[in-house]
Amino acid sequence: MELILAVVSGCLFAASFYLLMRRNLLRFVIGIIILGNAVNLLIFTMGRLTRAQPPVIPYDAKIPPEPYANPLPQALILTAIVISFGLLAFTLVLIYRNYTVGRTMDADGLDQAEPNESLDVYEDEKRLPA
Amino acid sequence: MLLAVLSVFVVAALAPLVVRLLGRAAGWVLGLLPLGLFGYFVRYLPAVGHGETVRETHPWMPALDAPASFYLDGLSLLFALLVTGIGALIVVYAGGYMAGSDELGRFYVQLLGFMGAMLGLVLADNILLFFIFFELTSLTSYLLIGFYHNEESSRAAARQALIVTGSGGLALLAGLLLLSQVTGTLELSQMLAMGETVRQHPYYLGIFILVCAGAFTKSAQFPFHFWLPAAMAGPTPVSAYLHSATMVKAGGFLLARLSPVLGGTAVWTGTLTVVGGFTMVLTAWLALRYTDLKQILAYTTTMVLGLLTMLLGVGTAEAVAAMVTFTVVHALYKGGLFMMAGSIDHETGTRNVRELGGLRGAMPLTAAGGLATALSMSGIPPLFGFIGKEVTYEAALHAPSGGLVLLAAGVLANGALIASGLVVGLKPFFGERSGALTRDPHEAPASMWLGPAVLGTLGLAFGVYPALIDHTLLQSAQAGILQESHDLHLALWHGLTPAFFASLATFALGFGLFFAWDRLQPSIAMAGLGRVFGNGPGAVFERGLYGLSRTGHQVTRAIQTGQFRWYLFAIFSSVIVLVGGALLAEATITLPSSIGEARYYEVALAVLIVLSALAAVRANDRFVAILALSIGGYSVALLYLLFGAPDLAMTQFSVETLSLILLVIVLIHLPGIEGTEPLSRRIRDALVATGVGAVFTVIMSITLTMPLDLRVSEYLASNSYTEAQGHNIVNVILVDFRGLDTMGEITVLTMAAIGVFVLMRMPSIRKPALQPSGDGQPADPEVAGVSAPDAEATGPAEAP
């Protein structure tokens, strides 16, 4: 099953990266969401899968009964899910804001903030006097 | 000697104070320092003249075993005397030349700093110290050449000088370090005895090339000769000092100093003779092209530097004698002539020889000094220049090979030099004035005619009575270069030798050129020469410099397109090539042998996740895409649930729901995602994306075959209850074992929330869609839109 999830995760990465490279910023956001899932699946699979117990200690015990699922990747993914949501919210509002100001959803339009030909290197006439 | 060098820097630091206190007399007072140092070094003359050397060490960098050591022999004494002696005259001269200028204090700081650097350079024994002073001369001359820093041409000339001499200095550093590796010492004085070792060493050629790069750039040898004439953009006292006694001689000094170590080989003789000889002839003739006094003099300086290099290349005792003699000859006349040119400029407002004439009545003392130095430059007997020329010819004739070629080159160059000397020395003072002068010329102040007068007198004295210096100073300098003593005897009259006849031929050529100068100077041939060799290399240099920044700009623009997609594409491609390539290169990749146990509903979920992602990619409607996303997200949550992670499943369910709501709310206000990009680009991106995905899958598969280290997980599981009193291990990890991480997570979420809040509450400025406009004009509506409220706000206030 791990191998299947490795393929699934790879497919999600591919879908996400394809979307990240699109001009439309909404597609970019969709790519980010898929990327979060892809990474979480990667961490989850790398911690190995068990269909057994969740990592919970019964009330009458001090250690969980074997076998139990690996708790460490779960803790990592839990954090990651929440952070992904924060990222999604911020990105989405940023894009919305960009749209209200610039009326564009074009990723290539975002370089308007960068001056393109501002470097004064074409000053050929400022040479030494003959 | 350390104190001598340091005193110059100390006085340099105090110079602005002296100028403020003493005003116009500052030059005379500050001139006492180099004069005193001149006296200090003259005291060494008897001892050094008898072949003694003085070495002085002070602790400096004990960790590197590098003391601050100084070494005084005939060669360094000669240069120390030139630096301080002419320096004294220049300091006094500058006081008159720049009288009344607000910047005199700053000027003296730089000039004296330059003098200190030059003095340190000729005296230093430790090569690290030598290099520091070498670069310090580049740096201070940069400041001095660019002294009129509000003029573009000054800045360009200064930059040119700094880049040319500075990069040469770096090459020199590499050469010196190699040299110290070969010889095992940092002291020049110890290297002098190890010439045989160095010349046999495989590094010899590299050392030679690097040292030559340093010396040729500093001494303005072809093709680096262009920076020196441009350097006349600096104030005239600087030019006078730079050309006569210091900076440019540093290259010659370097070659002379290292000639016992590096000299005598075929490559040394060949390179120095050819480069020096070519520079000599070329720039001597280039000098005839110009009418600006300083520019003529600048080109004749490079001519002399070429001559000195050539003589060092020949390397016989006679040639070295000629080299040291001509060094003194040139220092005396060139310092005087530049000061004269500055005085004329100062009193008449022009340096153009075509406009000048008949000044001998108005400026008799300047005329006398200028004439004496100019005639010395032209090599007219009985001045010292004549002797300099004679010994040069003798040395050329007796060169081991190619003597006649060298003599012919010498005659050709000296003929042009005579003409230049006469143009510079005669035209301003005799004949009729042709241009209308902006000022009424009168005699320059004493501080300004003193220099040419003293130097002219010395040129005459040494010419008539060369015994004043030949046995003492010059002979010991020659011994310093050759590391063996020869008898050096100079005389005006050598008899009817071949050199004498060569001198006669030179006079004929020189006077002929002088009388033809009025027609020769503006001729097409000379203009072509000036364009190709005079301005050409400098223009190539400047074009190269701008080409460099333009290329940098273009490369940056090509890489930094400002398009995020392109950056991602580059990163992903790199991942495929580098990581994927590394995986392919790894021969022993083991993939899992089977897919392991998989139940049908698990496989169905996996297929659903992939299909939903595919649907999100393919969707042309934003809501379809979101729906597909949600299906995928919930499926992942179910997977978590199946594999023992209910906490993850719950979190994923809630976040997925929240995301869906958020997306719908925002997307209502945004346009759709309809519209497609060109098929070729989509295919290209799909290939790259699939490639990276495949790389990830392969990495994961390989990792799956490796044993999993569960120690941390087991520690957390077994201590969860005993240490932290919690039953849910994942929760305990989050709030206890990794509590700080969770706090960081909360902080990130808070910042994101604040960001969202601020972005939503910011006052909305509506701008029209930014069009990528080629004309570079600011979009007018945008300007109007932004500034209109301001205008309204300020308008009424200003109205009454």
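Here is a short chat about how chain B and chain A meet in this predicted model.

Colleague: What makes Glu602(B) and Arg51(A) a salt bridge?

Modeller: Their closest N and O atoms are 2.5 Å apart. The cut-off is 4 Å between a side-chain nitrogen of Lys or Arg and a carboxyl oxygen of Asp or Glu, so the pair qualifies. Across the interface of chain B and chain A, the rule finds three salt bridges.

Colleague: How many residue pairs are in polar contact between the two chains?

Modeller: The count is 17, with both residues at pLDDT 80 or more. As for where chain B touches chain A, helix H29 (residues 679-705) of chain B gives the largest share, 15 residues. By class, that side of chain B has 69 nonpolar, 34 polar and 20 charged residues.

Colleague: How many residues does each chain bring to the contact?

Modeller: Chain B brings 123 residues and chain A brings 101 residues. On the chain B side, Phe643(B), Met700(B) and His727(B) lose the most area to chain A, together 7% of what that side buries.

Colleague: How much area do the two chains bury between them?

Modeller: About 10200 Å², with 71% of it on carbon and sulfur atoms.

Colleague: Why is chain A written as α-α-α?

Modeller: Chain A has three helices and zero strands, and a helix here is a DSSP run of at least four residues, so reading along the sequence gives just that pattern.

Colleague: And what share of chain A is buried?

Modeller: Of its 130 residues, 56% are buried, meaning under 20% relative accessible area.

Definitions and conventions. Residues are numbered from 1 along each chain as its sequence is written. Chains are lettered from A and ligands numbered from 1 in the order in which they are written. This is a predicted model: local features need pLDDT of at least 70, side-chain atom pairs count only at pLDDT 80 or more; totals for chains, interfaces and linings use all residues. Side-chain values use heavy atoms; hydrogens and water are left out. Contact means heavy atoms within 4.5 Å. Buried area is the accessible area (1.4 Å probe) that two parts lose on being put together, summed over both. A polar contact is a pair of N or O atoms within 3.5 Å; within protein, one must be able to donate a hydrogen and the other to accept it, and residues adjacent in sequence count only if both atoms are side-chain atoms. Helices (H or I, at least four residues) and strands (E, at least two) are DSSP runs, numbered from the N terminus. Ala, Val, Leu, Ile, Met, Phe, Trp, Tyr, Cys and Pro count as nonpolar, Asp, Glu, Lys and Arg as charged, and the others, Gly among them, as polar. Buried means under 20% relative accessible area, exposed over 50%, partly exposed in between (1.4 Å probe, protein chains only).
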